[in-house]
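Got the viewer open? Here is a short tour, one selection at a time.

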Amino acid sequence: VYPFAKAVLLGDTTDISYEEDTALKISGIRHIVAVSGLHVSILYSALALLTGKRRFLTALVGIPVLVLFAGVAGFTPSVTRACVMTGLMMLAQLLRKEYDGPTALSAACLLMLFIDPVAIASVSLQLSAGCVAGIFLFRERIQGWIDKKIRNVEKRDRSRVKSWFSSSIAMTLSAMSLTTPLSACYFGTVSIVGVLANLLTLWI
């Protein structure tokens, strides 16, 4: 349990066995032990909960924590991208400005390339940016299509399940839309069961 927990929290996979690492790759969920935007979003949610969603306090505490977290994770491209975008979101909330995801993604990538132009060749950055770009481009369309295909149910609890189901599928498919071709190009393999594996595990 400890090696997996350390990998999920910090992205340190040195203690994960070869068999476990291979199983994660084959199932298409290797990304959960690579610190990325998923982990940063969980961290932000925890911070917002602890600060009572107070805009000033969340930004005051959150931005230094994000910098510290990125440093602990080694300032990897995926974590840096996510931290910059989350920091911009905190600033937008603090200044009562509208937060625009695609603009924040562009700003994060430009900032990283300004600091290190060679980062454009980083597979980690390409996969991270591609994942988020896919979500921005296709999630709403996919979810809208799925919602139309699902029969409307009047009961509130079932409608929540329907909404969670369509949202989960839309998020997974949109995130994989641009990263799957990149993975096939760089690694020469694509997990066929990746969509199902992500739907079964990512919500946890």
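**The whole chain**

Keep in mind as you look around that this is a predicted model. Of the contacts in the protein chain with a separation of 6 or more, 63% join residues 24 or more positions apart.

Switch to cartoon view. You'll see nine helices and zero strands, so reading along the sequence gives you α-α-α-α-α-α-α-α-α. Now show just the C-alpha trace and turn it around: along its principal axes it spans about 45 × 45 × 35 Å. The radius of gyration is 18 Å, which agrees with the value near 17 Å for a compact globule of 204 residues.

Next, put a surface on it. About 12,800 Å² of the protein chain is exposed, and carbon and sulfur atoms supply 68% of that. Buried residues make up 34% of the 204 residues.

**Into the core**

Hide the surface and select V35, V40, L66, F69, V79, C83 and M90. These have the most contacts inside the largest nonpolar core, which has 14 residues. Color helix 3 (37-50), helix 4 (55-72) and helix 5 (77-94) too, since each supplies at least two residues of this core. Nonpolar side chains tend to be buried together in soluble globular proteins.

Center on F69. Which residues is F69 in contact with, leaving aside its neighbours within four places in sequence? Look for L9, V35, H39, V40, L43, V79 and C83.

Now select V84, L105, A108 and C109. They are among the nine residues of another core, lying apart from the largest one.

**Two stops on helix 5**

Go to T86, which lies in helix 5. Is T86 buried or exposed? It's buried: its relative accessible area is 10%, and the cut-off for buried is under 20%. Leaving aside neighbours within four places in sequence, T86 is in contact with V40, Y44 and L66.

Then move to L88, also placed in helix 5. L88 is partly exposed because its relative accessible area of 30% falls between the 20% and 50% cut-offs.

**Out to the surface**

Keep L88 selected and add I63, V67, F75, L91, L95 and Y99. Together these residues make a nonpolar surface patch of about 590 Å². Bring the cartoon back to see where they sit: helix 4 and helix 5 each supply at least two residues of the patch. Those two helices also each supply at least two residues of the largest core, so color them once and you can use them for both views.

Terms used. Residues are numbered from 1 along each chain as its sequence is written. This is a predicted model: local features need pLDDT of at least 70, side-chain atom pairs count only at pLDDT 80 or more; totals for chains, interfaces and linings use all residues. Side-chain values use heavy atoms; hydrogens and water are left out. A nonpolar core is a set of buried Ala, Val, Leu, Ile, Met, Phe, Trp, Tyr and Cys residues joined through side-chain atoms within 4.5 Å. Buried means under 20% relative accessible area, exposed over 50%, partly exposed in between (1.4 Å probe, protein chains only). Helices (H or I, at least four residues) and strands (E, at least two) are DSSP runs, numbered from the N terminus. Contact means heavy atoms within 4.5 Å. Patches are made of residues with over 30% relative accessible area and no salt bridge: like charges are joined within 9 Å, nonpolar side chains (Val, Leu, Ile, Met, Phe, Trp, Tyr) within 5 Å. Accessible areas come from the Shrake-Rupley method with a 1.4 Å probe; for residues, only the protein chains shown count as cover. A salt bridge is a side-chain nitrogen of Lys or Arg within 4 Å of a carboxyl oxygen of Asp or Glu. The radius of gyration is taken over C-alpha atoms; the globule rule is 2.2 Å times the number of residues to the power 0.38.
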